[in-house]
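Q: Please take a close look at one part of this model, the charged pairs and their surroundings, and set it in the context of the whole chain.

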Amino acid sequence: MLPHPRTGQLFDSPVPAGAGWPGDPATAATPVAETAEQVAELAAGASSLAELDAAVSVCRACPRLVDWREQVAVTKRRAFAGEPYWGRPVPSWGAPQPRILVVGLAPAANGANRTGRMFTGDRSGDQLYAALHRAGLVNQPTSVDAADGLHTDTVRIIAPVHCAPPGNQPTTVERNTCLPWLHAEWRLIAPHVAVIIPLGGFAWQIALRLLADQITSKPKPKFGHGASVTLTSGATLLGCFHPSQQNMFTGRLTPAMLDDIFGRAAELAGTSGPGGTL
C-alpha cells in the first residue's frame, strides 16, 4: 500500500471500491458489469448520476482494458512510483446539471488512470482546466489529484471510453461495449445542457451519434475547430481541437484558441463567475 499524494491515506493499486479514495462513487456493494450485456442492463436501469458513476467505476466488461489499466497501476511511471494508482474505469466529472458538456476520448494511462478523475494529472488536463478557469467555468486553473478542491457548477466532462486503452486506441468492440454508459448519462443530463464541446474529430463523431435525433442538416456536419451546429433542442454543438501535448506543442491549438471556444460556450450557456455560477 502507498499513501495518496494529498491525503496520505494508504491504498492498494488498483484502488478497491469503497476504500476511501477521494471522490470514489462506488462501494463494495456496487454491482459490477462483467459483460457488454450487463453494461447495457445496468446503464438502462440507472436512475441517477450517482448510481451511474458508481457502476461505471467498477466495470470489468472489457478484458483487454481491465488487464492494461491494472498492469499500469502496478508497474507505474517512474515519476509516480511512490503513489497509489486508481487503476479503475474513470467516471465522468463535474456538475450534476451541466450547462456545458465536454466530450473527451479516454483516460490517460498515467493521468486519470492514476488520479481517478477525468483529465487530471496529465498535460492535456493542464491545458483544459487552465482554459476553463480563464473562462470562469471552474474555480481553479490546476487539476492535480481528486482531492485538490477543483469544482464547477456548470461543466461536466465525459468520455466515450472510461478505461485507459493500450496505445490510446480502444477497439471498436470496446467502444461499443462502453457506449451504453454514455447514452445513460446523456439521458440524465440532456435537459440541462446548452453547449456540447467534443475535443477532436473522434469525439465529434461520437457526439453526432449521440445527438443524431437533434441534427437535421445533410450531409453530417464536418468537424473543425470552432465548427458550430445548432441542434433542434436549441443547444449548440461546438467543435474544439483536443488539447493534447502534440497539438499544443505544434501550435495547431493555442491557449487563445481554447479561450475562444470556452468563452463562446460560456456566453451561449449564460454562465459567469468562478466555477460558472449562474
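A: A salt bridge is taken here as a side-chain nitrogen of Lys or Arg within 4 Å of a carboxyl oxygen of Asp or Glu. Glu185 and Arg156 form such a salt bridge, with their closest N and O atoms 2.5 Å apart. Glu185 belongs to helix α6 and Arg156 to strand β5, so the pair ties together parts that lie 29 residues apart in sequence. Both partners are covered: Glu185 is buried because its relative accessible area is 2%, under the 20% limit, and Arg156 is likewise buried, with a relative accessible area of 3%. Salt bridges with shared partners join Asp53, Arg156 and Glu185 into one network. The model is a predicted one, and every distance and area given here is computed from it.

The third member of this network, Asp53, lies in helix α2. Asp53 counts as buried, at 12% relative accessibility. With neighbours within four places in sequence left aside, Asp53 is in contact with Pro25, Pro91, Ser92 and Arg156. Arg156 thus appears both among the contacts of Asp53 and as the salt-bridge partner of Glu185.

The setting of Asp53 is the helix itself. Helix α2 spans residues 49–56 and is mostly covered, with 6 of its 8 residues buried. Those buried residues are Leu49, Leu52, Asp53, Ala54, Ala55 and Val56. Their cover includes α1 (36–45), β5 (155–158) and α6 (172–189). Strand β5 and helix α6 are also the elements that hold Arg156 and Glu185.

Helix α6 takes part in a further pair. Glu174 and Arg64 meet through their side chains in a salt bridge, at 2.8 Å from N to O. This pair links distant parts of the chain, with Glu174 in helix α6 and Arg64 in helix α3 (residues 63–75), 110 residues apart. The two partners differ in cover: Glu174 is buried, with a relative accessible area of 6%, whereas Arg64 is partly exposed, with a relative accessible area of 34%.

Another pair joins two other helices. Arg134 forms a salt bridge with Asp259, and the closest N and O atoms are 2.8 Å apart. Here again distant parts of the chain are linked: Arg134 is in helix α5 (residues 123–134) and Asp259 in helix α9 (residues 255–269), 125 residues apart. Arg134 counts as partly exposed at 44% relative accessibility, and Asp259 is also partly exposed, with a relative accessible area of 31%. Side chains of opposite charge can pair when their charged atoms come close. By the rule stated at the outset, the salt bridges number 10. Across the chain, the mean positions of the 22 positive and 21 negative charges are 7 Å apart.

Two loop residues extend the picture beyond the charged pairs. Gly200 sits in the loop between β6 (195–198) and α7 (201–210). Gly200 is buried, with a relative accessible area of 10%. Its C-alpha atom is 4.7 Å from that of His242, although the two residues are 42 residues apart along the chain. Leaving aside neighbours within four places in sequence, Gly200 is in contact with Phe223, Cys240, Phe241 and His242.

Leu231 occupies the loop between β7 (228–230) and β8 (236–238). Leu231 counts as buried at 3% relative accessibility. Outside its neighbours within four places in sequence, Leu231 is in contact with Ile196, Leu211, Gln214, Ile215 and Leu237. The C-alpha atoms of Leu231 and Arg60, 171 residues apart along the chain, are separated by 34 Å.

These parts belong to a chain whose secondary structure comes to 9 helices and 8 strands. Its radius of gyration is 18 Å, which agrees with the value near 19 Å that a compact globule of 278 residues would have. The C-alpha atoms fill a box of roughly 50 × 40 × 35 Å along the principal axes. Buried residues make up 53% of the 278 residues. Among contacts with a separation of 6 or more, 69% are between residues 24 or more positions apart. The chain exposes about 11,800 Å², of which carbon and sulfur atoms supply 54%.

Notes: Residues are numbered from 1 along each chain as its sequence is written. This is a predicted model: local features need pLDDT of at least 70, side-chain atom pairs count only at pLDDT 80 or more; totals for chains, interfaces and linings use all residues. Side-chain values use heavy atoms; hydrogens and water are left out. Helices (H or I, at least four residues) and strands (E, at least two) are DSSP runs, numbered from the N terminus. The radius of gyration is taken over C-alpha atoms; the globule rule is 2.2 Å times the number of residues to the power 0.38. Buried means under 20% relative accessible area, exposed over 50%, partly exposed in between (1.4 Å probe, protein chains only). Contact means heavy atoms within 4.5 Å. Accessible areas come from the Shrake-Rupley method with a 1.4 Å probe; for residues, only the protein chains shown count as cover. Lys and Arg count as positive and Asp and Glu as negative; His and the chain ends are not counted. The place of a charge is taken as NZ of Lys, CZ of Arg, CG of Asp or CD of Glu.
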